[in-house]
Amino acid sequence: MKKNNIGYLIREGVRGIFLHGFMSFAAVCVTVACLIIIGSFSLILYNLGLMIADLEQENEMVVYIDDTYSEAEARSVGSQINMIGNVQNAVFVSRADALENFIEEQNDPEVFAGLEADTLRDRYVVTLVDNSRMRETETALREIEGVADVSAHYEISEGFTTLEHILRIASAGIITVLLVVSLLIISNTVKLAMYDRREEIAIMRMVGATNGFIRWPFVVEGFLLGMVGAAIAFFLEWGLYDFLGSRIASVDTLQLITVVPFRDVLGIMIAVYAATGFIVGVFGSLLSIRKFLKV
């Protein structure tokens, strides 16, 4: 494509934006609003995913060793536990350590001060790579010689998995709806511009202009609207996210909520907003142009 043609297409695309200033402004505003909501849901899902992963690591399994085993024999069992594929880490806790931890956790430690360590068993506190495979891992642990019992809280693990699936499905549904809304708004904006220039387009077709030559200025218009909306939404999202993050950090009752700094996801968010702005702008334009030109 010649340089003068490229310049013409860009000029016409920019002219189309100002030709319907109010509709262009509305398209950008709706795109900004949709992208902020999409970005917010994505960031909430990302942070919740990290929080759930951290909580899952605290959902540990306890493997009790046969009480006839000496401490040395109990420690030797650890190598077999760590050989199980889904085991991330296995920490040995001796009888004495288990007793000390038990007494510290009681409201009245003095009541249990005379308790002998031999009444408890050596154990391993096991964290898993994938908590959804907890039942499978428990079966493998019970097959190890020297393992007397395994304590696992399936309901917590399965609850985390269910919550994560619900969040993913809900977020995907909301994001899809908002993308469709943005596409329709920009599509209608470009369609209005084409309707106002229908006589000019008819003349261009009569003198032999191809559909591609007619189409490109409107694609440029949609692209610019989408990218401007994406840029504005990105910086607004950044400011809003940092503000809310600082507010959450300043409230003592919300200290359990971990908010990832925006700079840690800066590259991903730039890519997401740029890609979304491009898709919304270009495909929104192509959607209206295809119907108008009947190609």
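Among the elements of the protein chain, helix H1 (residues 3-19) has the lowest mean pLDDT, 67, and H3 has the highest, 89. If pLDDT is new to you, it is the predictor's confidence in each residue, from 0 to 100. Over the protein chain the mean pLDDT is 77, and 76% of the residues reach 70 or more. Where pLDDT is low, the predicted coordinates should not be read in detail.

A word on the ground rules, then. This is a predicted model, so local features need pLDDT of at least 70 and side-chain atom pairs count only at pLDDT 80 or more, while totals for chains, interfaces and linings use all residues. Residues are numbered from 1 along each chain as its sequence is written, and side-chain values use heavy atoms, with hydrogens and water left out.

Now, the overall picture. The protein chain has 9 helices and 4 strands; these are DSSP runs, numbered from the N terminus, with at least four residues for a helix (H or I) and at least two for a strand (E). Starting at the N terminus, the order of elements is α-α-β-α-β-α-β-α-β-α-α-α-α.

How are the 4 strands arranged? They form an open sheet in the order E2-E3-E1-E4, with antiparallel pairing. Two strands pair if DSSP finds at least two bridges between them. Strand E2 (87-93) and strand E4 (147-151) sit at the edges, each pairing on one side only. On average, neighbouring strands are turned by 25° against each other, direction ignored. E2 pairs with strand E3 (residues 123-128) over 6 bridges, and Val87 has Leu128 in E3 as its bridge partner.

Two helices meet this sheet. Helix H3 (residues 71-82) packs on it, touching strand E1 (61-65), E2, E3 and E4, and its direction makes about 175° with that of E2. Contact here means heavy atoms within 4.5 Å, and the angles run from 0 to 180 degrees between N-to-C directions, using lines fitted to C-alpha atoms, for helices over the stretch in contact. Helix H5 (residues 134-142) lies across E1, E2, E3 and E4, at about 165° to E4.

Which residues of H5 are buried? They are Met134, Thr137, Glu138 and Leu141. These residues cover an arc of only 105° around the axis, so they lie on the same side of H5; the arc is that of the directions from the helix axis to the C-beta atoms. Buried means under 20% relative accessible area, exposed over 50%, and partly exposed in between, with a 1.4 Å probe and protein chains only.

Next, please find Asn86, in the loop between H3 and E2. Asn86 counts as buried because its relative accessibility is 2%. Leaving aside residues up to four places away in sequence, Asn86 touches Thr127, Leu128, Val129, Asp130, Arg133 and Thr137.

Finally, the aromatic rings. The structure holds 8 aromatic pairs. Rings of Phe, Tyr and Trp (its six-membered ring) pair if their centres lie within 6.5 Å; planes under 30 degrees apart count as stacked, over 60 as edge-to-face and the rest as tilted. Phe223 and Phe278 are edge-to-face, 6.0 Å centre to centre with 75° between the planes. This pair links helix H8 (residues 211-250) to helix H9 (residues 266-293), across 55 residues. Phe223 is partly exposed, at 31%, and Phe278 is partly exposed, at 39%.

Phe234 and Tyr273 also form an edge-to-face pair, 5.8 Å centre to centre. Both are buried, and they belong to one aromatic cluster with Phe235, Trp238, Tyr241 and Phe262.
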